[in-house]
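Reader: Before I rely on any label attached to this model, I would like to hear the reasoning behind each one. Could we take them in turn?

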Amino acid sequence: MNNEHIVNRDEFSFNLHQYGWNDKLNQLKQNSLFKSLPHGRIATVHRTCYEVISESGLLQCELTGNMLFGKSAYELPCTGDWIIFQQFEEDKGIIVDILPRERVLDRKKNGTISDKQAIAAYIDKAFIVQSLDSNFNMRRAERFAVQIFEANIQPILVLNKADLDFDHGPIAEATKHFQLQMPVYLTSIHQPETITALRNCIGTGETVVMVGSSGVGKSSLVNALCEKPAVHTSAISESTGKGRHTSTRRQMVEMTDAGILIDTPGVREFGLTTDGIETLTDTLDMKDYVGLCRFKDCTHHNEPGCAVLEAVKNGNLDQKIYQSYLKLEREIDHFSTSSHQKRKKEKSQSKLLNEYKKRQGLRR
Ligand SMILES: Nc1nc2c(ncn2[C@@H]2O[C@H](COP(=O)(O)OP(=O)(O)OP(=O)(O)O)[C@@H](O)[C@H]2O)c(=O)[nH]1
Ligand SMILES: [Mg+2]
Ligand SMILES: [Zn+2]
């Protein structure tokens, strides 16, 4: 036999502990009807085809009919999810179950009022990437941070393209409220020491998701952190100075001897799907004032004795941060009211359906 044609499958197997598999997940698996089948982690989703990292290598999987039709779009597997599968060829399988999701980063589905979309699951840290050029926008970073904090994921602000000419003073001032709550890194793919520093904050078995607008360098950072060209990158457009939406899907990449990175496409809109007003005031570092308002349920819009408004007036709280509060608070309020109404409607529909079934039953 010609040895060149023998593929050593060991080379393609993965150590799932490096991907975050642990005793707790194993416990969760024991609750599944399919606990005796192998498990794996979703690396990438291509419409109905899922790339699964497993102990027996990388598999292309589809869903069973039960999974496909028995679940809402939100509940279908996303990148980072742990699933149980049945293998039917060397590199093919079928997904039969999904483990309950934890630490999932959602966003509001574009064009909907209260539908959620899961970006990635089982995330430990999220790098909020911005570039130190015209893209720099703390209001956008605040939006990401609220959603990330609410999901129990640790946010880290990554200010990339630090090799470019930028003014340190205004950047330090603008990020002041973030520095109190999360690590802030200045990075450049042209300055290896900055990449090493960022790499050091990722532990073995941890999963990090990259979020931020197109063109800020998320994929370039993934490649630099992994020290290999794992994902595509491309120059930002000369005419608009914006990214070209190079990455088109969420993709999982393994770092040598450390954690797992999930690259994501730059999004134009990142709508909040939370009702966490407290997380919002914490993220914007307004907590010192919030507790001092005369009314416990103060909305900080126009109430008398509002310590937040007072702080804005005397310059202790940045007017821009307060504007950000008003905008995000409105969005949170809108989302939670709409999703509450949706749940109420679903509940009354299912009540009607049950009554109908009951009546049908009585007639027989
Ligand atoms: N000067 C400089 N350019 C960088 C740096 N990091 C990335 N770039 C450049 O920025 C451009 C966009 O980088 P990408 O990594 O494709 O950006 P992205 O965030 O993945 O963009 P999308 O996939 O479209 O969301 C490329 O031309 C990179 O070479 C950096 O640290 N300094
Ligand atoms: Mg990219
Ligand atoms: Zn108030």
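Author: Let us begin with confidence, since this is a predicted model: the protein chain averages a pLDDT of 90, and 95% of the residues score at least 70. Over residues 1-11, however, the pLDDT is below 50, and beyond near neighbours in sequence this stretch has five contacts in the model.

Reader: What makes the arrangement around the zinc ion (ligand 3) tetrahedral?

Author: Four donors count as tetrahedral if all angles lie between 85 and 135 degrees. The four donor atoms around the zinc ion (ligand 3) subtend angles of 102 to 115 degrees, so the arrangement meets that condition and is called tetrahedral.

Reader: Which atoms coordinate the zinc ion (ligand 3), and how do you know that they count as donors?

Author: The zinc ion (ligand 3) is coordinated by the SG atoms of Cys293, Cys298 and Cys306 together with ND1 of His300, at 2.1 to 2.4 Å. The cut-off for a donor here is 2.8 Å, and these N and S atoms lie within it, so they count as donors. Along the sequence the donor residues follow the spacing C-x4-C-x1-H-x5-C, and the UniProt annotation "binding site", from an unreviewed entry, covers Cys293, Cys298, His300 and Cys306.

Reader: Why are Cys298 and Cys306 each called buried or exposed?

Author: Buried means under 20% relative accessible area. Cys298 has a relative accessible area of 10%, and is therefore buried; Cys306, with 5%, is buried because that value also falls under the cut-off. Cys293 and His300 are buried as well. Cys298 is found in the loop between helix 9 (287-290) and helix 10 (307-313), and Cys306 lies in the loop between helix 9 and helix 10. Leaving aside neighbours within four places in sequence, Cys298 is in contact with Cys293, Glu303 and Cys306, while Cys306 is in contact with Cys293, Cys298 and His300.

Reader: What are the protein donors of the magnesium ion (ligand 2), and where in the chain do they sit?

Author: They are Ser219 (OG) and Ser247 (OG), lying 2.0 to 2.1 Å from the magnesium ion (ligand 2). The pair links distant parts of the chain, with Ser219 in helix 7 (residues 218-226) and Ser247 in the loop between helix 7 and strand 12 (251-254), 28 residues apart. Both Ser219 and Ser247 are buried.

Reader: Why does the contact between Arg103 and Glu102 count as a salt bridge?

Author: The rule asks for a side-chain nitrogen of Lys or Arg within 4 Å of a carboxyl oxygen of Asp or Glu. For Arg103 and Glu102 the N to O distance is 3.9 Å, so the pair satisfies the rule. Arg103, at 27% relative accessibility, is partly exposed because that value lies between the 20% and 50% cut-offs, and Glu102, at 23%, is partly exposed for that reason too.

Reader: How many salt bridges does this rule give, and what makes Asp81 buried?

Author: The count comes to twelve salt bridges. One of them joins Asp81 and Arg101 at 3.0 Å, N to O, linking distant parts of the chain 20 residues apart. Asp81 has 0% relative accessibility, which is under 20%, and therefore counts as buried. Another salt bridge joins Arg143 and Glu331 at 2.8 Å, N to O; Arg143 is in helix 3 (residues 138-150) and Glu331 in helix 11 (residues 319-363), 188 residues apart. Both Arg143 and Glu331 are buried.

Notes
Residues are numbered from 1 along each chain as its sequence is written. Chains are lettered from A and ligands numbered from 1 in the order in which they are written. This is a predicted model: local features need pLDDT of at least 70, side-chain atom pairs count only at pLDDT 80 or more; totals for chains, interfaces and linings use all residues. Side-chain values use heavy atoms; hydrogens and water are left out. Donors are N, O and S atoms within 2.8 Å of the metal (3.2 Å for Na, K and Ca); water is not among the atoms, so sites may look incomplete. Four donors count as tetrahedral if all angles lie between 85 and 135 degrees; four count as square planar and six as octahedral if opposite donors are over 155 degrees apart and all others between 65 and 115; anything else is irregular. Buried means under 20% relative accessible area, exposed over 50%, partly exposed in between (1.4 Å probe, protein chains only). Helices (H or I, at least four residues) and strands (E, at least two) are DSSP runs, numbered from the N terminus. pLDDT is the predictor's confidence in each residue, from 0 to 100. Contact means heavy atoms within 4.5 Å. UniProt positions are given in the numbering used here, feature names are shortened, and annotations may be inferred rather than shown by experiment.
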